[in-house]
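Okay, thanks for coming, everyone. I'd like to walk you through a structure that may be new to you, so let's get it up on the screen.

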Amino acid sequence: MSSLASGACFASAGAGYDNATSDLMELDYFKEYAAKLRSFQGEDKARETLTEALYLVSMGTNDFLENYYAVPHGNAAKYPTASAYGGYVLSVAESFVRALHALGARKIDLNGMPPMGCLPMERALGGACTEEYNAVAEDYNAGLRAVIDRLNGELGGARIVYGDVYGPVSDALAHPTSYGLENVEAGCCGATGRFEMGYLCNARNPLTCADAGKFAFWDAIHPTERLHRALADAKMNTTLHVFL
């Protein structure tokens, strides 16, 4: 039980802000966590733990790639442009942060989207990034900054920062050797690294690369540990240090 006070992960596979992407259960999981924390620490100490904790929130990409662009008769029909759909996702993200604040969160790192057009599964034949998707991500990120400014002005005692994912990932993909990377276009897993993902991507698969540390992506969509570490280092140097 003591580990409850040192940190918890509420990530869900394929999660997004839009319930059409996946049921947004993270807040329910957090409520369960907070209740267990209060039973372990007591009301006052648990309140202090929740208030002093750092919350990292990272969603949005799945809403576009696994929902808006993937299901033509779903939200793509309801929202005629990706920008309009992005506005809806931003409204849900804002509500999500307000709910977190109501539950005790005060230090929140709200992450933007990466250059999703450069994920292996979204690269065109020949390896070029899909710049339309990257433009959508940049537009969404600009909107997220505006949401954060509004939340900081309205939520008492809160400190919310924009977590830049787009910049660090773009830099790693543009300058791979500076990060010890050799392949930034395909995933380590599978025969192509462009489509494969999921449970079949593991060290026992004979088609998995010998050294994932040389790749930016583990499979067609998920970064490797090396790229994640580069992103974490960048965040510590640019945003998260404000909470220290």
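Let me start with a puzzle: is the disulfide of cysteine 118 and cysteine 129 right-handed or left-handed? Have a look while I say that what you see is a predicted model. Right, the handedness. The torsion about that S-S bond is about 115 degrees, so the disulfide of cysteine 118 and cysteine 129 is right-handed. Both cysteine 118 and cysteine 129 sit in the loop between strand E2 (107–111) and helix H6 (131–154), so this pair ties together parts that are eleven residues apart in sequence. The two sulfur atoms are 2.1 Å apart. As for how hidden the two ends are, cysteine 118 counts as buried, at 8% relative accessibility, while cysteine 129 is partly exposed, with a relative accessible area of 22%. The cut-off for buried is under 20%, so 22% for cysteine 129 falls in the partly exposed class.

By the way, how many disulfides does the count come to? It comes to three. For anyone who wants the chemistry, a disulfide is a covalent bond between the sulfur atoms of two cysteines.

Let's take the next pair. Cysteine 188 and cysteine 209 form a disulfide with their sulfur atoms 1.9 Å apart. Both of these cysteines lie in the loop between strand E4 (183–187) and strand E5 (215–217), so the bond ties together parts that are 21 residues apart in sequence. Here the torsion about the S-S bond is about -100 degrees, so this disulfide is left-handed. Cysteine 188 is buried, with 3% relative accessibility.

Then there's cysteine 189, which is joined to cysteine 201 by a disulfide, S to S 2.1 Å. Again the two ends, cysteine 189 and cysteine 201, are both in the loop between E4 and E5, this time twelve residues apart. With a torsion of about -80 degrees, the disulfide of cysteine 189 and cysteine 201 is left-handed. Both ends are tucked away: cysteine 189 is buried at 1% relative accessibility, and cysteine 201 is buried at 9%.

Let me stay with cysteine 189 for a moment. What does cysteine 189 touch, not counting residues up to four places away in sequence? The list is Glu196, Leu200, Cys201, Leu207, Thr208, Trp218 and Asp219. Take leucine 207 from that list: the C-alpha atoms of cysteine 189 and leucine 207 are separated by 6.5 Å, although the two are 18 residues apart along the chain.

If you number the bonded cysteines in sequence order, the pairing reads 1-2, 3-6, 4-5. And then there's a leftover: cysteine 9 is in no disulfide, and the nearest cysteine sulfur, that of cysteine 201, is 20 Å away. Cysteine 9 is exposed, with a relative accessible area of 68%.

Okay, zooming out. The chain is divided into domain 1 (17–163) and domain 2 (165–243). Their C-alpha centres lie 21 Å apart, and the contact between them takes 26 residues from domain 1 and 21 residues from domain 2.

That brings me to the pockets. Rolling a probe the size of a water molecule over the atoms shows where empty space is left. The largest pocket holds about 1700 Å³ of space. Which residues lie nearest its centre? They are Ala11, Leu56, Val57, Ser58 and Met59, out of 48 lining residues. That lining divides into 31 nonpolar, 14 polar and three charged residues. Both domains take part, with at least three residues drawn from each of domain 1 and domain 2. Among the elements that each supply at least two residues are helix H1 (26–41), strand E1 (54–57) and helix H8 (225–238). H8 gives the most, with five residues.

One last stop: tyrosine 140, in helix H6. Is tyrosine 140 buried or exposed? Tyrosine 140 counts as buried, at 2% relative accessibility. Leaving aside neighbours within four places in sequence, its contacts include Tyr17, Met59, Phe64 and Met113. Met59 should ring a bell, as one of the residues nearest the centre of the largest pocket. And the C-alpha atoms of tyrosine 140 and tyrosine 166 are separated by 11 Å, with their positions 26 residues apart along the chain.

That's my tour, so over to you for comments.

Note on methods
Residues are numbered from 1 along each chain as its sequence is written. This is a predicted model: local features need pLDDT of at least 70, side-chain atom pairs count only at pLDDT 80 or more; totals for chains, interfaces and linings use all residues. Side-chain values use heavy atoms; hydrogens and water are left out. On a 1 Å grid over the protein atoms alone, a cavity is a set of points where a 1.4 Å probe fits but cannot get out, and a pocket is an open set with protein on both sides within 12 Å along at least five of seven lines; lining residues have an atom within 4 Å of a point. Grid points are joined across faces, edges and corners, and a volume is the space filled by probe spheres set on the points. Helices (H or I, at least four residues) and strands (E, at least two) are DSSP runs, numbered from the N terminus. Ala, Val, Leu, Ile, Met, Phe, Trp, Tyr, Cys and Pro count as nonpolar, Asp, Glu, Lys and Arg as charged, and the others, Gly among them, as polar. Domain bounds come from an automatic or database domain assignment. A disulfide is a pair of cysteine sulfur atoms within 2.5 Å. Buried means under 20% relative accessible area, exposed over 50%, partly exposed in between (1.4 Å probe, protein chains only). Contact means heavy atoms within 4.5 Å.
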